[in-house]
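Let's take a walk through this structure together, one piece at a time. Keep the 3D view open as you read, and turn it whenever a new element comes up.

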Amino acid sequence: MKKSSARKRPPAKSSRRAFYRLRLYIAGQTPNSIAAIANLKRICEDKLRGKYNIEVVDLLKKPQLAKGDQIIAIPTLVRRLPPPVKKIIGNLSKTESVIVGLDLQPVR
Amino acid sequence: MPRPRPKIVRPSLAKSPTGIQGLDEVTGGGLPKGRVTLVCGSAGCGKSLLAMEFLVHGAVRYGEPGVCIDFEETEEKLRANVASLGFDLRALAKRKKLLVDFVSIERNQIAETGEYNLEGLFIRLAHAVKAIKAKRVVLDSIEALFSGLTDSTILRAELRRLFHWLEDHKLTAVVTGEAGEHTLTRHGLEEYIADCVISLDHRVRDQISTRRLRVIKYRGTSHGTDEYPFLIDREGISVVPITSLALAHKSLTDRVSTGIPSLDEMMEGKGFFRGSSVLISGTAGTGKSSLSANFTRAACARGEVCLYFAFEESPSQILRNMRSVGLNLEPWVKKGLLHFHAMRPTSIGLEAHLAAVHKLIAKLRPSVVVIDPITNLVSISGTYDVKSMLMRLVDFLKVEQITSMFTNLTFAGDPQERTAAAVSSLMDTWIVLRDSKPNGRPRRELYVLKSRGMAHSREPRELIVGERGLELGNVLRDHTLVTTVAGPGSVAPAE
C-alpha cells in the first residue's frame, strides 16, 4: 500500500527523495577514465546535487571486483541505487545518453 | 594402448595436444602452441564440447591448466558438459586446474555514452590466468559480445588486441564462432585468426545425422584437408582420420587359419593372409555367419582378440545359432577375447557407424574384426556411399594389421550379387556360398572366387554344416555356382 501512495505523489517530490549510489569502474588513469570521472561529477552536480555518492573502482588494483558487476567494458558506470540496477558504458561524454541511461529526473 | 597409432602428419611446429581421439592425428599433434585457434560451426555442432575437451584434457593429462571465459552457457550446463567427460568442474577448479568465468552480456541493455574499451574483459582474463598459471584459454563464444555491444569498430579493434594479448602471453587459445551465412563465422572472426581454423558441421541427410570436422587452415603445418567424420558420445568427441591412410600399409606375409582345415587346404594349406580383408557372400542360410563364427573361434583359440559387429542379430541370438551348429563361442566371450557389438544399421548414419567401429577398435585392439553383414548398411545409404565407407574401413584395418571378414547377403537370381561386386574389388579374398538342390538333395556350395597373392584352389566344394562345426566335402563336379559368377577377378571354373 505504501507503494501506491508513493506513486500518487508528484514525480518531482519522489526524485527529491531518491538517493543515487553510483559506482564507476575504471582501469588505471587512462584518458577515458579521467574523462569519465570528470563527466560524471559534472552531471551529478548538475542533476543530483546532494543526493548522490560516487565510488570509483580501479580494476587494475582490484581485478577480483570485475566479476561481481559483470564488467567487460571500461569505463562502466553502475547505478546501484535506486533499483533497478542500471549499467552504462563509455566515458560519459554524451550527457543526454547518461541522463537517459541512468534515468535521472530533473531536479525542480 | 600397446600399439602406437599411425601418425598421419609429421609435426613441424610446437603443438598443444587436444587429447581428442583422432584430432591430434589430423593436425599432426594438436593445436598450434601459444596461438589462437578458431573453431566454428552452426549451433549444436559440438564447438563448445571440443573447446572444453581441449581444456579438460590439457589440465588433466598434459599439465596445462586452463581458463574458460564463457559468454553463453550457464554454470549448470557447463558443469554437465564437463561431467559428461568424466570430470567434476568444481573439483578441477579447487585443484587449480580449470577456472571458468561466466560473462553475461545483457542484450541491448547497456547504454553507450562515449568511448570505451574492453579492458574489463582483459582484466578478468588476466586475473583468472594468473590465479591458476593457465597455459590454455577458451573463449566460448566471443561473438556474444556483438549482440551486447553496438559499436563494432571498437569491438573489432578490441578483438584484435585480445588475440594479440593471448599470443603475447604465450597462451594456447580456442575461440569459438557461430557459422555465418556466407562467411565461416557470423561476425567474420576468421579475419583475425591466422594460424588455425577448424570447422565443424552437423548435417542431416535422409533423417540420419552426420558430424564432420575439417581443418580449414593451419599455418606452418601440412594437415589433412578432408572432411573427417566425428562422433559425440559419452566420452566426448572422437574424430576418424581415415581418408589419408590409403595404401600406406605394408602387406604381411603371416597367415591365419580360416578355422576349417579343409578350407585352409584350398588356400595353400595356410589360410588367409594376416591383415587381409575377406568377403563372404551368399544367399540366405548358406552359412556366412557360421563361417565367420568359425574363423573367430579359431582366432580366439590362438589367444587373439576378436571384435564381431552384428548388424542383424543380437549377440545372444548369434551365440544360440552358433551353438546349434556345434560352435560354442560363449567361453571366449567370458574370457574377454570375443567381443560382440550389435547395432541397428538404421539407428545412426554411415559415418557414425564408421566412427563407432574405429572407436571400438582403438579401445579393444582386436586382431580379427567381423562385420556381419555389410548388406544392411546398404539399406541406409546408396551403394556408392557404402563402398566409400568400406574402402576407408578396409584401409584402416589394414594399417592396423587386423584381419577382417565381411559377410554379404545376396539374393538368388540377382545377376551375381550387385552389392558384392561393388565392394569385392576392395577385398583380398572373396568366398562365394550358395545353396543348390541337384537331384533334389539340398546342399551348400563354397567357392574361393579370388584370393590375392596366393595360389588358391578354384574348385567348388560342398560346405557341410554339422553338429560339430563346419567342414568341406568333396570337390563338386555338378556345381551350379561358378557359371553364374562374373565379378571382377573371376576365373574360368575348374575342369
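Start with how chain A is held together along its sequence: of its contacts with a separation of 6 or more, 65% are between residues 24 or more positions apart. Keep in mind as you look that this is a predicted model. Chain A has 108 residues, and 31% of them are buried. You'll find 5 helices and 4 strands in chain A, and if you read along the sequence they come in the pattern α-α-β-α-β-α-β-β-α.

Now look for the strands of chain A in the sheet. They sit in an open sheet of 5 strands, ordered β2(A)-β1(A)-β3(A)-β4(A)-β6(B), and the pairing is mixed. Notice the last name in that order: β6 belongs to chain B, and together with β2 (52–58) of chain A it forms the edges, each of the two pairing on one side only. At the β2(A) end, β1 (residues 20–26) of chain A runs parallel to β2(A), with 7 bridges joining them. To pick out one spot there, find Leu24(A), whose bridge partner in β2(A) is Val56(A). Packed on this sheet is helix α5 (residues 95–102) of chain A, which touches β3 (76–81) and β4 of chain A as well as β6 of chain B; the helix direction makes about 165 degrees with that of β4(A).

What joins the two chains at the other end of the sheet? Strand β4 (residues 86–89) of chain A and β6(B) run parallel and are joined by 2 bridges. Here Ile89(A) stands opposite Glu112(B) in β6(B).

Step back and take in the whole meeting place of the chains. On the chain B side, 20 residues are in contact with 27 residues of chain A. Two elements of chain B, β6 (111–112) and α5 (119–132), each supply at least two residues of that side. The largest share is from α5(B), which gives 6 residues. Sorted by kind, the chain B side has 9 nonpolar, 6 polar and 5 charged residues.

Next, move into the interior. In soluble globular proteins, nonpolar side chains tend to be buried together. The largest nonpolar core here has 150 residues, and those with the most contacts inside it are Leu55(B), Val67(B), Val137(B), Val175(B), Val239(B) and Ile431(B). This core lies between domain 1 (15–241) and domain 2 (255–484) of chain B, because both of them give residues to it. For a closer look, try Val175(B): beyond its neighbours within four places in sequence, its contacts are Val36(B), Leu38(B), Leu139(B), Ile142(B), Leu189(B) and Ile193(B).

One more sheet is worth finding, this time in chain B. It is open, has 9 strands with mixed pairing, and follows the order β17-β16-β18-β19-β15-β20-β21-β22-β23. At its edges are β17 (338–342) and β23 (469–475) of chain B; each has a single partner strand, so one side of each is left without a neighbour in the sheet. From one strand to the next, the twist averages 20 degrees. Within the sheet, β15 (residues 277–282) and β19 (residues 403–409) of chain B run parallel and are joined by 6 bridges; Ser281(B), for example, has Asn408(B) in β19(B) as its bridge partner. Finally, helix α12 (residues 350–364) of chain B packs on this sheet, touching β16 (306–310), β17 and β18 (368–372) of chain B, and its direction makes about 160 degrees with that of β16(B).

Note on methods
Residues numbered from 1 in each chain as written. Chains lettered and ligands numbered in written order. Predicted model: local features only at pLDDT ≥ 70, side-chain atom pairs only at ≥ 80, totals over all residues. Contact = placed C-beta atoms within 7 Å. Nonpolar A, V, L, I, M, F, W, Y, C, P; charged D, E, K, R; others polar. Pairing = 2+ DSSP bridges. Axes fitted to C-alpha atoms, helices over the stretch in contact; angles between N-to-C directions. Buried ≥ 20, exposed ≤ 12 C-beta atoms within 10 Å, placed from the backbone. Core = buried A, V, L, I, M, F, W, Y, C linked by C-beta atoms within 7 Å. Domains from an automatic or database assignment.
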